[in-house]
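The exercises below ask the reader to work through one protein model, step by step. Please keep the sequence and the structure in view while reading the solutions.

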Amino acid sequence: MLIRRVARPMLSAVFVSRGVEALRSPNSAADSTRQTLESLSQLPDPVGTNVPSNAETVSRITAAVQIGGGLLLATGRLPRVASAALALSVVPGSLGGHSFWNEVEPQRKAEERRAFVTDISLIGGLIIAAVDTEGKPSLGWRGRRTARKVSDAVTSALPAGAAAGSSLADSALAEKVGHGLHVGAERGSKLAGEWADVARERGAELADVARERAPELAEVARARSAELAEVARDRTEAARSRAIELADTAGAEVKKKRRRR
């Protein structure tokens with residue numbers, strides 16, 4: 001991608017220039033590195049005891065990493081590895097070379113603070129470049145995919161083992177299903193007994209209520225039946241009258257048609 005081809009040389013230029021400057025002025029680079037190593041050596045074990053003490057050697061290695069990593073990143077070769085190496089190379093020179101917390105003069109302290117924040121920003125950009133896969137799958141995804149392919153190949157090459165594994169899985173599944181059915185049957189029988197007891201109790205209560213309400217309900221039924229009978233008679237009489245009217249109308253129509261003929 002064109003953006004990567006332009007951005008990578010821009011990001012790597014500062015590291016190549018720093019590496020060249022460190023090789024030209026080894027004493028200044030060694031002093032900055034020495035301060036960083038002294039600060040790191042004060043950390044608790046096992047970090048503090050494993051910090052190297054030769055600042056000159058560490059500064060030279062850091063300069064070589066910055067020049068080599070910068071060239072690799074600029075040319076697009078192993079960009080992720082180069083970005084990770086450059087991010088690590090910032091630490092020795094940044095912590096010791098820009099320790100603004102030790103400065104007393106305000107202007108000098110502000111300058112060192114800006115340089116320190118700039119290095120932190122560079123580390124952030126390098127981390128982004130280190131995880132940039134350029135749209136390709138990551139190494140973790142490739143590893144999992146390769147392991148899955150190997151597993152499938154081994155399974156297909158060993159049908160007996162695969163069948164045994166399948167039978168074991170099936171037997172385990174059958175055992176789980178059987179246990180679930182057994183538990184379900186026990187719970188169902190228990191619930192059925194409880195519901196039967198509740199039904200007997202509620203049935204007796206409903207029977208008592210029905211016996212108590214029977215006269216009242218019978219009286220209501222008689223009253224409603226009389227009302228319904230009266231309504232039925234009225235509607236029957238109305239239907240009979242309507243039928244007579246329709247019959248008379250039909251007879252009159254028939255007589256008219258006969259007269260016209």
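**Exercise 1: a salt bridge and its surroundings**

Asp-119 and Arg-18 are joined through their side chains by a salt bridge, with N to O at 2.5 Å, where a salt bridge is a side-chain nitrogen of Lys or Arg within 4 Å of a carboxyl oxygen of Asp or Glu. The model is a predicted one, in which local features need pLDDT of at least 70 and side-chain atom pairs count only at pLDDT 80 or more, while totals for chains, interfaces and linings use all residues. Residues are numbered from 1 along each chain as its sequence is written, and side-chain values use heavy atoms, with hydrogens and water left out.

Task: place Asp-119 and Arg-18 in the chain, and state how accessible each residue is.

Solution. Begin with the positions: Asp-119 belongs to helix H5 and Arg-18 to helix H1, so that the pair links distant parts of the chain, 101 residues apart. Helices (H or I, at least four residues) and strands (E, at least two) are DSSP runs, numbered from the N terminus. Next, take accessibility, for which buried means under 20% relative accessible area, exposed over 50%, and partly exposed in between (1.4 Å probe, protein chains only). Asp-119 is buried because its relative accessible area is 1%, whereas Arg-18, at 26%, counts as partly exposed.

Then turn to Gln-66 in helix H3 (residues 55-75), which is buried at a relative accessible area of 6%. Leaving aside residues up to four places away in sequence, Gln-66 touches Phe-15, Val-16, Arg-18, Gly-19, Leu-86 and Ser-89, a contact being heavy atoms within 4.5 Å.

**Exercise 2: the salt bridges as a set**

Task: how many salt bridges does the rule give, and which parts of the chain do they join?

Solution. The count comes to three salt bridges. One of them pairs Arg-4 with Asp-132, whose closest N and O atoms are 2.7 Å apart. Since Arg-4 lies in helix H1 and Asp-132 in the loop between helix H5 (106-130) and H6, this pair ties together parts that are 128 residues apart in sequence. Asp-132 is partly exposed, at 24% relative accessibility.

Arg-108 and Glu-112 also meet in a salt bridge, at 2.9 Å from N to O. Both residues lie in helix H5, four residues apart, about one turn of the helix. Arg-108 is partly exposed at 37% relative accessibility, but Glu-112 is buried at 7%.

**Exercise 3: surface patches**

Task: which residues form the positive patch, and which make the nonpolar one?

Solution. Patches are made of residues with over 30% relative accessible area and no salt bridge, like charges being joined within 9 Å and nonpolar side chains (Val, Leu, Ile, Met, Phe, Trp, Tyr) within 5 Å. Arg-144, Arg-145, Arg-148 and Lys-149 form the positive patch; Arg-144 sits in helix H6 (residues 139-157) and is exposed, with a relative accessible area of 54%. Leu-2, Val-6 and Met-10 make the nonpolar patch of about 340 Å², in which Val-6, a residue of helix H1 (residues 2-24), is partly exposed at 43% relative accessibility.

**Exercise 4: the whole chain**

Task: what is the secondary structure of the protein chain, and what percentage of its residues is buried?

Solution. The protein chain has seven helices and zero strands. Of its 261 residues, 16% are buried.

Definitions and conventions. Areas by Shrake-Rupley, 256 points an atom, 1.4 Å probe, with all protein chains shown as cover. Lys, Arg positive; Asp, Glu negative; His and termini not counted. Charge placed at Lys NZ, Arg CZ, Asp CG, Glu CD.
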